[in-house]
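Q: Please give a close description of a single part of this model, namely the protein surface that faces the DNA. Which residues form it, and which polar contacts are found there?

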Amino acid sequence: MLQQTQVATVIPFFLRWMERFPDFASLAEADEEEVLRLWEGLGYYRRARSLRAIARRVMDDWGGNLPRDEEALLALPGVGPYTAGALLSLAFNVDVPALDGNVERVMTRLRDQDDPVDRPPAKRELRRQIEELIPTGRARDFNQALMELGALVCLPRRPLCPTCPWRDDCLALRRGTIEARPVKSPRPPQEKLRALTLLASREGAYLLVRHHRDERWAGLWEFPTVDDDGESLAVWLDAPRITWTKRGTVSHAFTRFRRTLTVFSCQVGQVRDGESPFGSRQTLWVRPEGLNDYPLSAGSRKTRDRWLAPEG
DNA sequence: TGTCCACGTCT
DNA sequence: AAGACGTGGAC
């Protein structure tokens with residue numbers, strides 16, 4: 001969960017998750033729908049499916065225990081260099097680095113490193129430097145301390161240098177380049193998207209469609225949403241007899257996009273077979289009180305909370 | 001109802 | 001290698 005997601009965000013999800021899946025066995029047996037529902041709102045949903053796949057593999061191939069071996073850990077889905085290092089050092093106290101964003105910041109400042117940290121050469125160099133610093137047999141404490149230092153003291157903006165235990169050793173502090181570290185490659189500009197979302201109701205139930213497993217938001221559900229042309233929906237909805245009512249807009253951001261959804265509601269009459277613009281995607285009619293049972297992507301979640309929440 | 005930034009893995 | 005993958009928070 002902590003991959004790409006900050007601790008404060010993770011905590012409530014983690015507590016719910018651990019209550020439902022206290023061990024690999026319970027997670028391995030769970031169905032994907034439930035796993036995604038508990039992950040709903042955390043983002044990067046591939047992590048949820050990877051975690052379930054890991055649980056199954058740990059049960060099947062490793063006798064229910066995580067392997068204490070870098071190569072075996074890296075072979076698990078969703079486990080990269082950071083996670084492998086974190087597991088080895090924090091769980092098994094093996095003397096290897098756990099290089100996350102916090103540690104990158106601490107180390108590039110300590111050494112006043114100005115290579116872009118999102119490129120492999122800089123990462124290799126940082127790992128090498130950390131290896132030299134790990135006190136033999138103390139990687140668990142050392143790595144946690146380094147991550148905490150980054151999270152609590154060596155902040156991205158306005159770091160608390162006067163209280164830092166490394167203030168006398170920090171090259172960037174001495175040179176006045178603290179706020180300029182770490183250096184990152186320029187990012188592509190944000191793109192704006194517009195789309196239409198339809199609250200289509202029939203006998204008090206609302207239509208949901210499911211994202212394919214190879215799409216964005218794989219496995220999650222949403223209210224029918226199309227790029228801002230509306231034509232494919234109009235076909236499907238028996239257009240001439242539909243009255244569309246504009247409800248308002250919601251916005252959400254993902255990766256490098258920011259998308260504004262214009263939400264319409266309508267009553268749907270007869271749905272004709274073979275005219276769905278959703279192809280082979282699953283569809284479902286759900287009453288408002290049942291909407292919490294399906295994991296929704298962010299735009300549809302905001303739509304639900306605004307217009308279909310039980311109390312509203 | 002803005003813009004920018006934070007956060008690892010996979011392809 | 002460069003882009004895909006989502007959400008929340010600071011300003």
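**The surface near DNA strand C**

A: In this predicted model, Gly41 places a backbone N or O atom 3.2 Å from a sugar or linking oxygen of DNA strand C. A second contact involves Tyr45, where a polar side-chain atom lies 2.5 Å from a phosphate oxygen of DNA strand C. The bases are reached as well: a polar backbone atom of Gln4 is 3.1 Å from a base nitrogen of DNA strand C. The three contacts thus involve a sugar or linking oxygen for Gly41, a phosphate oxygen for Tyr45 and a base nitrogen for Gln4. On the protein side, Tyr45 contributes a side-chain atom, whereas Gly41 contributes a backbone atom, as does Gln4.

Around these contacts, the wider surface consists of 16 residues, and those that come nearest to DNA strand C are Tyr45, Arg216, Ala253, Thr255 and Arg256. Of the atoms of DNA strand C that come within 4 Å of the protein, 58% belong to sugar and phosphate.

In terms of secondary structure, strand β5 (245–254) and helix α12 (298–308) each supply at least two residues of this surface. Ala253, one of the residues that come nearest to DNA strand C, falls within the range of β5 (245–254).

The composition by class is eight nonpolar, five polar and three charged residues. Arg216 and Arg256, both listed with the residues that come nearest, belong to the charged class, while Tyr45 and Ala253 count as nonpolar.

Definitions and conventions: Residues numbered from 1 in each chain as written. Chains lettered and ligands numbered in written order. Predicted model: local features only at pLDDT ≥ 70, side-chain atom pairs only at ≥ 80, totals over all residues. Heavy atoms only, no water. Near = heavy atom within 4 Å. Polar contact = N/O pair within 3.5 Å; in protein donor to acceptor, adjacent residues only side chain to side chain. Helix = DSSP H or I, 4+ residues; strand = E, 2+ residues; numbered from the N terminus.
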